[in-house]
Amino acid sequence: MPNPLANKRIILGITGGIAVYKAATICSRLVQAGAQVDVVMTASAQQFITPTTFQALTHRRVYTDMFDIPSGENIPHITLADEADLLIIAPATANTLAKLAHGLADNLLTAIALATPALMLIAPAMETDMWQHPATQANFGILKRWTNKINFIGPATGRLASGAQGLGRMVEAEEVVNQAQHLLAQQGDLAGLRVVITAGGTREAIDPVRFVSNHSSGKMGYALATTARDRGARVTLISTVALPEPFGLDIVRVNSAAEMLNAVLSHSNQADTLIMAAAVADFRPKTVAEQKIKKVAETEGLTLEMVRNPDILAEVAAQKERGFGPRITVGFAAETENLMANAQSKLARKKLNFIAANNVSATDAGFAVDTNRVTLLFANGTIEELPLMSKVAVADIIWDKVKQL
Ligand code: C5P
């Protein structure tokens, strides 16, 4: 599944505030993500930065004038507006917000905004007093209530053009691009699906400073979470690992299997699908020492007594029998021997729709690497062996299967 920005038609509307310098980064990122970006600048935006910058970034003509129509071309505000998937206005000045709120169309950008059926993403940028002015707040309120096609991002608090600190600063370019990606993803094939995914190895405390764990990196779970997000699903990621937090996910941090069980039961109740990509410890120390265990001179070793952890998927299956929980459950089987037999028995025991089996003794698949080689075993007996591929590609295939189910 390509990035949701790929091949999308995006109009980047730029109005006249000092935050225009961020618009160049936004433009560059959108182009790099594969979007076709048409830049429209107001006259005051051109006082800060020239169209040449954006022409170089997009390799496309930059639109500045409603009446500058090369012969043989259509009127730009009609064609651009019709063909766009998304109109971003960043930065959006108080003046432009006022025009949008009242349906004025006195320049190319405001005319496009009035004519387009596309989604809109507006990033206001102005001094605090201008933002807090009752007129601006009223205009903001009108635009927000109008239609759910209009989305705002920011303003943020920080350094303003005047040098003062305050509310009104435009959010960073990356946030605008992430939000644009998120809005376009909502038109994806998993739109409306609510999913819960677990990732990473659980940590079972021995004492306040030590734990028992495993080599799971969380990469497969994160790949499942970001691909589902990019296809429009609402994702809760229950994670034990401190990987950089992907945007647009609800992240729940847990350590132990017991914590993961609680998080899974409470979040998966409202979900359609649960994918347990986490490597949950089967055993935990029977007691957790209150203080750090010290080495005493005369003792040679330490014996830990371990007890069984709850089986999360089995608990979910039990809940399902009582009429709660996700409709579809998917598990992973990480094995070093007898892979298929073990996976078959887990599929049945945990009452899964399907299971992804992988041999974690391979060096190019399984724990900590970016590739995986999995075999999918379905409840109806079908078996599908996938070749070595990236974890993101595996994740996409798993979502295709969930969708079919
Ligand atoms: O039983 P086993 O641990 O081998 O099964 C693996 C699958 O079950 C994985 O999807 C894992 O996340 C899940 N699991 C679980 N609760 C456990 C252990 C594993 O849900 N206590």
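**Close-up views of the predicted model**

**View 1. Asn 7 sits in the segment before strand β1 (9-14).** Strands here are DSSP runs of E with at least two residues, helices are runs of H or I with at least four, and both are numbered from the N terminus. The model is predicted: local features need pLDDT of at least 70, side-chain atom pairs count only at pLDDT 80 or more, and totals for chains, interfaces and linings use all residues. Residues are numbered from 1 along each chain as its sequence is written, and side-chain values use heavy atoms, without hydrogens or water. Look at the backbone of Asn 7. Its phi is near 65°, a positive value in a residue other than glycine. Is Asn 7 buried or exposed? Asn 7 is exposed, at 68% relative accessible area. (Buried is under 20%, exposed is over 50%, partly exposed is in between, with a 1.4 Å probe and protein chains only.)

**View 2. Lys 351 also has a positive phi, near 50°.** Lys 351 is not a glycine either. Find Lys 351 in the loop that runs between α13 (339-349) and β17 (354-359). Lys 351 counts as partly exposed, with a relative accessibility of 48%.

**View 3. A cis peptide bond links Ala 90 to Pro 91.** Omega for this bond is about -5°. Pro 91 belongs to strand β3, which covers residues 86-92.

**View 4. Gly 154 and Pro 155 are joined by a cis peptide bond.** Here omega is about 5°. Where is Pro 155? Pro 155 lies in the loop between β5 (150-152) and β6 (156-159).

**View 5. A shell of residues surrounds the ligand.** Among them are Ala 278, Val 280, Asp 282, Ile 312, Leu 313, Lys 346 and Lys 350. (A shell residue has a heavy atom within 4 Å of the ligand.) Helix α12 (312-321) and strand β16 (328-335) each supply at least two shell residues. What is the make-up of the shell? It divides into 7 nonpolar, 1 polar and 4 charged residues. (Ala, Val, Leu, Ile, Met, Phe, Trp, Tyr, Cys and Pro count as nonpolar; Asp, Glu, Lys and Arg as charged; the others, Gly among them, as polar.)

**View 6. Polar backbone atoms of the protein meet the ligand.** A ligand oxygen is 2.7 Å from a polar backbone atom of Met 276. A ligand nitrogen is 2.7 Å from such an atom of Pro 310. At Phe 332, the distance from a polar backbone atom to a ligand oxygen is 2.8 Å. (A polar contact pairs N or O atoms within 3.5 Å.) The ligand alone exposes 440 Å², and the protein buries 89% of that. (These areas come from the Shrake-Rupley method with a 1.4 Å probe.)

Notes. Polar contact = N/O pair within 3.5 Å; in protein donor to acceptor, adjacent residues only side chain to side chain.
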